[in-house]
Amino acid sequence: MPELFAYTDGACSGNPGPGGWGVLMIAREGGAVVKERELSGGEPATTNNRMELMAAISALEALSRDVAITIVTDSAYVKNGVTEWIHSWKRNGWRTAAKAPVKNAELWQRLDAAQARHKVTWKWIKGHAGHAENERADALARAGMAPFKG
């Protein structure tokens with residue numbers, strides 16, 4: 001059974017501004033790449049954090065069956081949000097510890113629902129640090145943003 005990985009990234013020109021998200025999905029067997037799939041999209045007025053979330057959501061929603069997958073993100077916001085903060089947000093009715101509404105709550109709820117059907121391992125890596133797959137996800141995010149830049 002191949003191991004599945006999704007390398008995700010978001011980009012924004014201005015924050016807020018036009019933005020894009022990108023996903024490089026890779027299936028590996030015995031360390032060798034057996035299949036790749038690229039996804040990207042964008043919005044005319046958004047934030048970098050929203051695009052980082054959309055990349056992860058899009059990766060999970062693109063899966064046609066329940067699988068084990070490792071999502072690799074350079075966003076500490078996404079990784080920490082989905083592995084740590086989301087549990088208390090849900091308990092607190094989508095409010096932070098300071099009782100403020102959670103920013104991007106609708107996307108966090110969508111991500112929570114998307115990951116519920118899979119066995120997801122979340123991994124953070126440093127962005128723009130020479131990780132080939134992350135650089136490809138970044139290029140896809142910039143391509144997703146391109147139609148919305150003036």
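How many of the 14 residues of α1 are buried? In this predicted model, ten of them are, so the helix is largely enclosed by the rest of the structure. The buried set consists of Met51, Glu52, Leu53, Met54, Ala55, Ala56, Ile57, Ser58, Ala59 and Leu60. Helix α1 itself runs over residues 48-61, and its end-to-end reach, from first C-alpha to last, is 20 Å, close to the 20 Å expected at 1.5 Å a residue.

With that helix in view, the overall fold can be laid out. The protein has four helices and five strands, arranged along the sequence as β-β-β-α-β-α-α-β-α. The radius of gyration is 15 Å, close to the 15 Å that the globule rule gives for 150 residues, so the protein is as compact as a globular protein of that length. The C-alpha trace spans about 45 × 40 × 30 Å along its principal axes. Of the 150 residues, 46% are buried. Contacts that link distant parts of the chain are well represented: among those between residues at least 6 apart in sequence, 66% join residues at least 24 apart.

The surface and the charges complete this general picture. About 7600 Å² of the protein is accessible, and carbon and sulfur atoms account for 52% of that area. There are 19 positive and 16 negative side chains, and a distance of 5 Å separates the centres of the two sets.

Several loop positions invite a closer look at the backbone. The loop between β1 (3-12) and β2 (17-29) holds Pro16, and the peptide bond leading into this proline from Asn15 is cis, with omega near 15 degrees. Two further residues of interest sit in the loop between α2 (76-91) and α3, namely Trp94 and Lys99. Trp94 has phi near 60 degrees, a positive value in a residue other than glycine. Lys99 also has a positive phi, of about 70 degrees, although it is not a glycine. Are these two residues buried or exposed? Trp94 has a relative accessibility of 18% and counts as buried, because the cut-off for that class is under 20% relative accessible area. Lys99, by contrast, is exposed, with a relative accessible area of 60%.

Helix α3 (residues 105-116) follows that loop and contains Asp112. This aspartate is buried, with a relative accessible area of 19%. Which residues does Asp112 contact, leaving aside its neighbours within four places in sequence? The partners are Ile86 and Lys90.

A last site of note is Ile125, found in the loop between β5 (119-124) and α4 (132-145). Ile125 counts as buried, at 9% relative accessibility. Its C-alpha atom is separated by 6.2 Å from that of Thr73, a residue 52 places away along the chain. Thr73 is also among the residues that Ile125 touches, once those up to four places away in sequence are set aside. The other partners in that set are Val72, Asp74, His131 and Asn134.

Key:
Residues are numbered from 1 along each chain as its sequence is written. This is a predicted model: local features need pLDDT of at least 70, side-chain atom pairs count only at pLDDT 80 or more; totals for chains, interfaces and linings use all residues. Side-chain values use heavy atoms; hydrogens and water are left out. Helices (H or I, at least four residues) and strands (E, at least two) are DSSP runs, numbered from the N terminus. The radius of gyration is taken over C-alpha atoms; the globule rule is 2.2 Å times the number of residues to the power 0.38. Buried means under 20% relative accessible area, exposed over 50%, partly exposed in between (1.4 Å probe, protein chains only). Contact means heavy atoms within 4.5 Å. Accessible areas come from the Shrake-Rupley method with a 1.4 Å probe; for residues, only the protein chains shown count as cover. Lys and Arg count as positive and Asp and Glu as negative; His and the chain ends are not counted. The place of a charge is taken as NZ of Lys, CZ of Arg, CG of Asp or CD of Glu. The expected span of a helix is 1.5 Å times one less than its number of residues.
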